[in-house]
Amino acid sequence: MLASRALLAKNVAAVLTSQPSCSFFQSSDVGNWGNANVAVVFSGSGCWDGTDTNEAAYVMYHLSRNGAKFQMFAPNMQQMQVIDHSRNQPSSGENRNVMIESARLARGKIQDLSRLEAGNFDAIIFPGGYGITKNLSTFNNDGKDCRVNSDVERILKDFHRKNKPIGLSCTSPILACRAIPGIEVTMGQEREESGRWGRWPYYSMTNAVKTMGAKHVMKEPFISFSKPSHVDEKNKVISTPAFMWETESHYHYIFDGIGQMVKHVLRMTK
């Protein structure tokens, strides 16, 4: 009896240690579980001039938690500007490189965006932040008529052409809407709305993506009230508002919304 129990315990331990991620995510609903290889594109480090650091961390956490492998990329170029995040004001006389700054978020494991090829990955995710509008596109200056970084445009079109999922959070739907006509995305609400826990101060961006030819679907950030991500099944584009919703302390809603987006991305890697 004791020998049987010892053998059972040994077999269970072998199964659990063979998958470092939580086994309850391993199902047919998650897609290419444990084998998905996802590219993550950063645009600097810091919400006002690069990638939002919280969104970057949430994306990497949920990818890891759901058994995916991932590699971070960023363009090897100068930032449009450097922002003093303590004052949200430009820092005069400072120049920073987008890839070098992004390496802070990637613990040094960053590659030049020009090396990213859609054929080497199962999916791609762009966390948000104002680096999307300043470094990966000219949206900050040109609005709806913006130009997208040439590598970003090439990569988005290649993933779309190969029918591979594209994950977007916060400001990053701007890139996909400019590169891929006719997709469906969400960036939250379409007007300034303040509630008990947060507000939507960046709603003008949602109007811009509609003028680019995209369909915008309004979403709230609360999983308990609605699904805080939108899935364009036809184009395999999954988006979530994230920090388009400004909140003082309810970051867990944004964490959950990004987690939902990541799970849909991985589901579509089948």
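User: By class, how many nonpolar, polar and charged residues does the lining of the largest cavity have?
Analyst: This is a predicted model, where local features need pLDDT of at least 70, side-chain atom pairs count only at pLDDT 80 or more, and totals for chains, interfaces and linings use all residues. Residues are numbered from 1 along each chain as its sequence is written, and side-chain values use heavy atoms, leaving out hydrogens and water. Ala, Val, Leu, Ile, Met, Phe, Trp, Tyr, Cys and Pro count as nonpolar, Asp, Glu, Lys and Arg as charged, and the others, Gly among them, as polar. On that basis the lining has seven nonpolar, two polar and no charged residues.

User: Which element gives the most to the lining of the largest cavity?
Analyst: A cavity is a set of points on a 1 Å grid over the protein atoms alone where a 1.4 Å probe fits but cannot get out, and lining residues have an atom within 4 Å of a point. The lining here is P221, P228, T240, P241, A242, Y253, I254, G257 and I258. Helices are DSSP runs of H or I with at least four residues, strands are runs of E with at least two, and both are numbered from the N terminus. With four residues, the leading contributor is α9.

User: What volume does the largest cavity have?
Analyst: Grid points are joined across faces, edges and corners, and a volume is the space filled by probe spheres set on the points. The count comes to one cavity of 30 Å³ or more. Its volume is about 40 Å³.

User: What lies over the buried residues of α9?
Analyst: Helix α9 spans residues 251–267 and reaches 25 Å from first to last C-alpha, close to the expected 24 Å, which is 1.5 Å times one less than its number of residues. Buried means under 20% relative accessible area, exposed over 50%, and partly exposed in between (1.4 Å probe, protein chains only). The buried residues of α9 include Y253, I254, G257 and I258, four names that also appear in the cavity lining. Their cover, counted by contact (heavy atoms within 4.5 Å), includes β1, α2, β6, β7 and β11.

User: In the loop between β11 and α9, which residue has a positive phi although it is not a glycine?
Analyst: Most residues other than glycine have a negative phi. In this loop, a phi of about 50 degrees stands out. The residue counts as buried because its relative accessibility is 5%, and it also helps line the largest cavity. It is A242.

User: And is K236 buried or exposed?
Analyst: K236 sits in the loop between β10 and β11. Its phi is positive too, at about 55 degrees. Since its relative accessibility is 14%, K236 counts as buried.

User: Which residues lie nearest the centre of the largest pocket?
Analyst: A pocket is an open set of grid points with protein on both sides within 12 Å along at least five of seven lines. The largest one has a volume of about 200 Å³, and its lining divides into seven nonpolar, four polar and two charged residues. Of the 13 lining residues, those nearest the centre are C47, W48, D52, F243 and E246.

User: How far apart in space are S64 and G34, C-alpha to C-alpha?
Analyst: S64 lies in helix α2 and is partly exposed because its relative accessible area is 39%. In sequence, 30 residues separate S64 from G34. In space, their C-alpha atoms are apart by 9.2 Å.
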